[in-house]
Amino acid sequence: MPKPTAKTSPAIARAGAPKAKPAGRGVTPGPKKEKTKVKKGQGAPSPAALTGSHEAVPLNGHAPLEVKLVKPGKAPKPTHQLKDPDTRVYVGDSRELLRSVPECAAGEVDLIFADPPFNWQVNYDKWHDGLPRDEYLNFTRNWLDGCIAALKPNGTLWVNIPDDTAAEIVVHLKARGLHMINWCVWHFRFGQNRMGSFIMSKVHALYFAKDRDARTWNPDDILEPSDRATTYFDPRTHNKAEGPNGLRVPMDVWYGKFWGRVQGNNKERRENHRNQLPEVYLERVIRACSNEGDLVLDPFLGSGTTSTVARGLKRRSIGLEYSPENAKSAFERIKAGPLRLGEAINQSTAIFAPRRVGKKQA
Ligand SMILES: C[S@@+](CC[C@H](N)C(=O)[O-])C[C@H]1O[C@@H](n2cnc3c(N)ncnc32)[C@H](O)[C@@H]1O
């Protein structure tokens, strides 16, 4: 089926009482201020050293778009690499690498998926996940600007972010001229129990494009059975003006089989990676917003979900990761390949049992 050009899509918030303890995201309910410096012996530079300033930045301020941290022409070497499709992992600070990896510096990336540290004191091996709030926002704007510059004019940027920083990211990307295509929500059922406020059960998946109309958008590759077809037996879904009969583009709240947080005895689970995203999440994003051979970038590679799925779908990929250990583990996973490719495609996400035809409902 020919790939359609993008059509306009509709576009469209804080989890409570912080009681932070080092644990996985979706478990730790909120941020807590901590010392800025990287702990002794970690061997990493202070993250503040790369934000361009140690001074507090006004909350509504914006970091400069051009941040020259590496001399032009000095391209870093990938730490791990595979061919066919070209798959590279670089170890370092993504703010720097986004401005020095050749394809990034040249603005040749088709799709970026960013799942940054949330500043929730998670143990990320090397990265100190407890910056003062202003510094974290400065860091955030800095890597966002690096991503914007790395994207092709028809490229798309996805950001996985919780309630406490979603609004700031949206405001910044809009101020930079990007278009919000969807404000999606990844919904999961196993948020940490608490009594002081509602239990957190979502993270935002922000979908932005440089060019609303020229972006790559493959709705046919992500269709699922509609509730009208599977639950309500509504004949109108088999006679629609737009889209295939009985199927729909998924809604903007994402959940279902294999969509839970990766924990327990989930076969996807990687040791020492508490914040792994489910493969189905990346599969949906990559199928919808890129084509075979396209270049996918993840500035916070973690356990390697993005590059693993990208490779499985025949996309080229670049993964940036601060921790050499995480990068090594991600590379092993990339080589091993995805575990669930295709398993959630074309699956119904209806939450009610099928209604019996002809029976009046209570
Ligand atoms: C939330 S995890 C990413 C999880 C990933 N999406 C997955 O599915 O496994 C964030 C990762 O970013 C890395 N990181 C933190 N700050 C970084 C920076 N400035 N540059 C590059 N990587 C960084 C951390 O070491 C951690 O592995």
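**Group meeting: a walk through the predicted model**

Okay, let's start out at one side of the sheet, with valine 185, whose bridge partner in S11 is valine 253. That pair belongs to the contact between S7 and S11, where two bridges join the strands and they run parallel. Before I go on, keep in mind that this is a predicted model. The mean pLDDT of the protein chain is 82, and 78% of its residues reach 70 or more. Residues 1-5 are a weak spot, with pLDDT below 50, and beyond near neighbours in sequence that stretch has five contacts in the model. Residues 27-68 also stay under 50, and for them the model has 77 contacts beyond four places in sequence.

Back to the sheet. What order do the strands come in? We've got an open sheet of nine strands, and reading across you get S1-S2-S13-S12-S3-S6-S8-S7-S11, with mixed pairing. The edges are S1, residues 80-82, and S11, residues 253-254, and each of those pairs on one side only. As a reminder, strands in a sheet pair through backbone hydrogen bonds, and they can do that parallel or antiparallel. We've just seen S7 run parallel to S11. With S8, residues 202-209, S7 runs antiparallel, and eight bridges join the two. If you want one pair to click on there, take asparagine 182, whose bridge partner in S8 is tyrosine 207.

Now jump to the other edge. S1 and S2 run antiparallel, S2 being residues 87-91, and three bridges join them. Leucine 82 stands opposite threonine 87 in S2.

While we're on that side, look at helix H7, residues 305-312. H7 packs on the sheet and touches S2, S3, S12 and S13, the last of these being residues 316-321, and the direction of H7 makes about 170 degrees with that of S13. So is H7 buried or exposed? Seven of its eight residues are buried, so the helix is largely enclosed by the rest of the structure. The buried ones are Thr305, Thr306, Ser307, Thr308, Val309, Ala310 and Arg311. And what covers them? The cover includes S2, S3, H6, S12, S13 and helix H8, which is 324-336.

H6 is in that cover, and it has its own place on the sheet. Helix H6, residues 279-289, lies across S3, S6, S7, S11 and S12, and runs at about 160 degrees to S3.

Next, the core. In soluble globular proteins, nonpolar side chains tend to be buried together. Here the largest nonpolar core has 65 residues, and those with the most contacts inside it are Ile112, Cys147, Trp158, Leu206 and Ile286. Which helix gives the most to this core? That's H3, residues 133-150, with eight residues. Let's zoom in on leucine 206. Leaving aside neighbours within four places in sequence, leucine 206 is in contact with Trp158, Val159, Ile161, Ala166, Ile169, Val170 and Trp183.

Okay, now for some backbone oddities. Most residues other than glycine have a negative phi, and most peptide bonds are trans. Have a look at the loop between S1 and S2, where you'll find proline 85 and aspartate 84. The peptide bond from aspartate 84 to proline 85 is cis, with omega near -5 degrees. Aspartate 84 also has a positive phi, about 45 degrees, although it is not a glycine. Aspartate 84 has 8 C-beta neighbours inside 10 Å, so it counts as exposed.

The other one sits just after H7: lysine 314, with a positive phi of about 65 degrees. Lysine 314 lies in the loop between H7 and S13. Lysine 314 has 13 other C-beta atoms within 10 Å, so this one is partly exposed.

Last stop, leucine 247, which lies in strand S10, residues 247-248. Leucine 247 counts as partly exposed because it has 17 other C-beta atoms within 10 Å, and the cut-off for buried is 20 or more. Not counting residues up to four places away in sequence, leucine 247 touches Leu223, Glu224, Pro225 and Ser226. How far is leucine 247 from serine 348? Along the chain they're 101 residues apart, but their C-alpha atoms are separated by 9.3 Å.

That's my tour, thanks.

Technical notes: Residues are numbered from 1 along each chain as its sequence is written. This is a predicted model: local features need pLDDT of at least 70, side-chain atom pairs count only at pLDDT 80 or more; totals for chains, interfaces and linings use all residues. Two strands pair if DSSP finds at least two bridges between them. Helices (H or I, at least four residues) and strands (E, at least two) are DSSP runs, numbered from the N terminus. Two residues are in contact if their C-beta atoms, placed from the backbone, lie within 7 Å. Axes are lines fitted to C-alpha atoms, for helices over the stretch in contact, and angles run from 0 to 180 degrees between N-to-C directions. A nonpolar core is a set of buried Ala, Val, Leu, Ile, Met, Phe, Trp, Tyr and Cys residues joined through C-beta atoms within 7 Å. A residue is buried if 20 or more other C-beta atoms lie within 10 Å of its own, exposed if 12 or fewer, and partly exposed in between; C-beta atoms are placed from the backbone. pLDDT is the predictor's confidence in each residue, from 0 to 100.
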